[in-house]
Amino acid sequence: MSNSFFGGIHPGDAKASTSKEASRPLSPPSQVVIPMSLHIGPPCTPTVKVGDVVKLGQKIGDSEAPISAPIHASVSGKVVAVEPRLHPNGSMVMSVVIENDGLDTPDESITPHDGENLTDPEVLTAIIREAGIVGMGGATFPTAFKISSGLGKVDTVIINAAECEPYITSDHRTMLEHPDEVIAGIRILTKVFGLELAYVGIEKNKPDAIELLSKKCGDDIKIMPLQTRYPQGAEKQLIQSITGREVPPGGLPAHVGCVVFNVFTAYSVYRAVHEGMPAIERVVTVAGDCVNTPTNLICRIGTPLEHVFEAAGGFKLPPRKVLMGGPMMGNAQFSLSAPVIKATNALLAFSGKEDKNVSNPTCIRCGKCSEVCPMRLVPMYMYMYERKSDLESLEKLHVTDCIECGACTYICPGRLHLTQSFRTAKAKINAEKARRQAAEKAATEKTAKEVAKV
Ligand code: SF4
Ligand code: SF4
């Protein structure tokens, strides 16, 4: 065990405003807007139409794609629209809009699976898939697919409870408020791989969670207190800290025998298996210097962001920046009409006092960005080549390995928008690859037609 990784930074954790705030249920809004894209992979197709009456937990969207997860109604009521609506990623996405009848009438499918063989991977992945569970730490990778693709390759199960981004305390609160359910979920995820031991990585800035889980866990779950260092919770860095194994560039955790699940995912697995409850809600930390009453709220998926901020007492200052997720990796929100999704672990509103923008960002070649990059990249040169759109040089510098953690941007005294430029670089490389593949396909088809003519 190395309990360390290369690079990283120490931003203030800013968690004090909500770490003692017990999560409380937010009353569901009069309408929920549920996008058909709540996971990595092809979006779901709506399985309901306008006018249908739906129950809480009823499936309302699904897909036959292997990397997908079905979507469920987070309230009972009437479907009033099936149309593109604003997604927190800024695009318009097909969504199911449900008028809440206020009754929360449960769907008949919500029944515990206690009688089933929960160590049978097929049974378990089917339950988890049907419950629509995805990586709830923000990655949204479908959990059932992660299990089935890791079977036979994995010797180590790791639970990610690092919660290394400043401000966010939703996983911390879940561990304190539902330790038995979290532990039961971890045991399910361990047994499905035929393993006897799981590791839970928790940053040392959550001593109460470390103490509580250590007391409650048996020998089959090892709590690993980790240095408070960003990005401790990034998958590859967590694996290195806990096992000492390094995931190779471009590789996956399974390449080094590991699989990582977020702690809220483990909790959701428990609920799916023992309560029959699909992924229809999640804990959201609401904080930032603009928020009147920073808090943790249990929000139904599809709740408009404005409804969530209202429940936190509204704004005491006009926000200049609203983020879904943490200040390092969160997505900027341009409208509070966007909904809470499965990936929403935090909503932060800032007045802009902390903005580091300058009119003329300049590299002073200090090298600090390389010192902190956990992926051992050279952000200074990557930035330069992105400016020139030199995709070949960018690929040689492994820009596609950038995990967009934001550590380089945070440390840069020249105030360069490094992470944003790497996001752009990766998008350009992907677009170029897609263009080349399309051109090759067209050329092959043309040749085939010419041969057929002869
Ligand atoms: S940290 Fe910023 S200023 Fe320093 S070398 Fe990197 S890009 Fe240049
Ligand atoms: S954003 Fe990318 S380049 Fe910058 S520190 Fe993180 S991994 Fe390295």
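Which of the 15 residues around ligand 1 come nearest? The legends below, drawn from a predicted model, begin with that site.

**View 1. The surroundings of ligand 1.** Among the 15 residues around ligand 1, those that come nearest are C363, C366, C369, C412 and G414. Sorted by class, the shell around this ligand is made up of eleven nonpolar, two polar and two charged residues.

**View 2. Helices that contribute to the shell of ligand 1.** Helix α9, residues 368-372, and helix α10, residues 379-387, each provide at least two residues of the shell around ligand 1. The largest share, three residues, is supplied by α10.

**View 3. The six-stranded open sheet.** The strands of this open sheet follow the order β1-β14-β13-β17-β15-β16, and their pairing is mixed. At the edges lie β1 (24-25) and β16 (331-332), each of which pairs on one side only. Strands of a sheet pair through backbone hydrogen bonds, in either a parallel or an antiparallel manner.

**View 4. The pairing of β15 with β17, and a helix on the sheet.** Strand β15, which spans residues 321-324, pairs with strand β17, residues 346-350, in the antiparallel sense over four bridges. Within β17, L348 is the bridge partner of L323. Helix α3 (residues 170-177) packs on the sheet, where it touches β13 (281-287), β14 (295-300) and β17, and the direction of α3 makes about 125° with that of β13.

**View 5. The division into domains.** The protein is divided into domain 1, covering 24-275, domain 2, covering 281-350, and domain 3, covering 368-433. Between the C-alpha centres of domain 2 and domain 3 there is a separation of 28 Å.

Definitions and conventions
Residues are numbered from 1 along each chain as its sequence is written. Chains are lettered from A and ligands numbered from 1 in the order in which they are written. This is a predicted model: local features need pLDDT of at least 70, side-chain atom pairs count only at pLDDT 80 or more; totals for chains, interfaces and linings use all residues. A residue is near a molecule or strand if its C-beta atom, placed from the backbone, lies within 6 Å of it. Ala, Val, Leu, Ile, Met, Phe, Trp, Tyr, Cys and Pro count as nonpolar, Asp, Glu, Lys and Arg as charged, and the others, Gly among them, as polar. Two strands pair if DSSP finds at least two bridges between them. Two residues are in contact if their C-beta atoms, placed from the backbone, lie within 7 Å. Axes are lines fitted to C-alpha atoms, for helices over the stretch in contact, and angles run from 0 to 180 degrees between N-to-C directions. Domain bounds come from an automatic or database domain assignment.
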